[in-house]
Amino acid sequence: MTYQPRRQVIRSAIAAALAAFGVPGRGAPTGRTDRPTALDASAAVDVHIELHAVEDQVAIRPGTRTKVWRYHGKLLRGDAGSLEASPGTYPGPIIRMRQGQRVRIDLINSLPESTVTHWHGLHVPEAMDGHPRFAIAPGERYIYDFTVINRAGSYWFHAHPDGRTGKQIYFGLSGLFLVSDEEEAALDLPSGPYDLPLVIQDRTFDDDNQLVYLSERAGDATSEGSEGRGMMGGGMMGGGGMGGGMMGDGRGAGRTGGMGQMMAGMMGMLGDQILVNGQPDASLAVEAGPYRLRLLNASNTRIYKLAWNEHSPLTVIGTDDGLLAEPLQRDYIMLAPAERVDLWVDFGRWPAGTELTLQSLSFEGGMAMSGMMMGGTALPDGAQFPVLQMRVKDASKNSAVLPQRLSRLPLPQPRAAVNFDRPKVFDITMGMMRWGINGKSFEMEAVTSLETVKLGTQEVWEFRNDATMMTMAHSMHVHGLQFQVIGRSVGGGFARARDSVKDGYLDEGWKDTVLVMPGERVHILVRFADYPGLFLYHCHMLEHEDSGLMRNYLVKA
Ligand code: C2O
Ligand code: CU
């Protein structure tokens, strides 16, 4: 493991000492009135974790180790099961919490640049949400302290600094945050080794096994000169011209520089290798019995259209923020960046020895100009490829039975929204080669009156993806809350793209991220409860987010 240089060790020691007296390090929120002193906190919290963001090297492929940025967790207080390390690979650790537990997490930044951590899907106060304005410099510490009030579900955490989220998650800064509750426990779903989290990502490696992200690598990422805010950085100046990108050598957009890289920065990074839990060519031996598979798409831009190779349907028991009312069957499911899905699979259906493949099927319109513009990635958006191989072993000791009722879910009540008949329209736009929402790109603190809502109310929002210069799919996420998808309509055109994916939409249950295909308008019902403050909503295709497709919304008390 690579640790920080000595000067930073000292700085973090100072930050730690300050933190021990209840003084947040620089960058920590000011104006929090509810933050206890650290002494209180360690007595009252159920779980206390130190989360170090570090440079590291892991053996991902045979040969040279891959430089990554990752989280190392250290459990200081709480049940041993609260933290599961992920030795030998980069996503992780897994944090496991029960509803109602209070957790303190000290993020310690041992990276060569600023970072901050967002708890994706968790309903937490403003200062705990990991907004980029709370980013901390190398050597500093940020103390998160909140009670987990979310229902059981597969949430996750990841880096979220301004303009650098794509890069930091790509190099490895993400992990799962799994919450359980009593309702879920009463169902006796498959647990322990039969509850398998599967984090799906795509990456591009160079000949020396190093990750290639646009023009940057983990090893030389410290040079400030190579920072690009989205596509406007090194790409424009990088030389190399468009030709290299257009021809494509199967190494992804990263090496092409010039126009190819600018377009990749704008449209999104697509890797040509699929990894599951950090493993390329992943395969898994499973017992011939029931499993719960928790899938997270933690890719920067790639959308998956998941299906079994032998065409039997998938049984879905949960979406982003927990269990559905009852199981659903789908021939295939769409999983856009940051979406999660919970599957029930009884491998006892297949004879021992069966080889199964979870694959991504081809579809249209994820990216209107993919092959041409993506710098020649060997694996364009919408291509067909295997994700995970599974081999069925013999009998299982697990005898769980699929419950026909999973959860009490409230039906959406759109009429309770203050703007029921006038949805607020958030139109995805592009101008001057930057993404935006209603023509405005991200600004750290700015918020419009349309983006201002009242605590305790519900609103209907419409994410509109009609025509931009480059119409493509987006994966829209709202921080700090759960929403219900109450409708989709088509604004015009792109019918073929939509038709190639629409049977795989999972709009049921509580969501925090939703796929919006080209030409679509998606209506969501959003409820602003408990926490006033400034939160984000954005596209979770990380290069879109980093190049402007993100805004604040303000919940006013
Ligand atoms: Cu998982 Cu602001 O995002
Ligand atoms: Cu997007």
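R551 is buried, at a relative accessible area of 1% (buried means under 20%, exposed over 50%, partly exposed in between, with a 1.4 Å probe and protein chains only). This is a predicted model, where local features need pLDDT of at least 70, side-chain atom pairs count only at pLDDT 80 or more, and totals for chains, interfaces and linings use all residues. Residues are numbered from 1 along each chain as its sequence is written, chains are lettered from A and ligands numbered from 1 in the order written, and side-chain values use heavy atoms, leaving out hydrogens and water.

**Exercise 1.** Work out which polar contacts the side chain of R551 makes.

*Solution.*
- Step 1: find R551 in strand β31, residues 550-556 (a strand is a DSSP run of E, at least two residues, numbered from the N terminus).
- Step 2: look at E443, whose side chain pairs with that of R551 in a polar contact of 2.8 Å (N or O atoms within 3.5 Å; within protein, one able to donate a hydrogen and the other to accept it, and residues adjacent in sequence count only if both atoms are side-chain atoms).
- Step 3: now go to S441, where the R551 side chain reaches the backbone oxygen at 2.9 Å.

**Exercise 2.** Is T513 buried or exposed, and which side chains does its own side chain pair with?

*Solution.*
- Step 1: go to strand β28, residues 513-516, and pick out T513.
- Step 2: check the surface: T513 has a relative accessible area of 0%, so it's buried.
- Step 3: follow the T513 side chain to H120, a polar contact of 3.2 Å.
- Step 4: then try H477, whose side chain makes a polar contact with that of T513 at 3.4 Å.

Technical notes
Helices (H or I, at least four residues) and strands (E, at least two) are DSSP runs, numbered from the N terminus.
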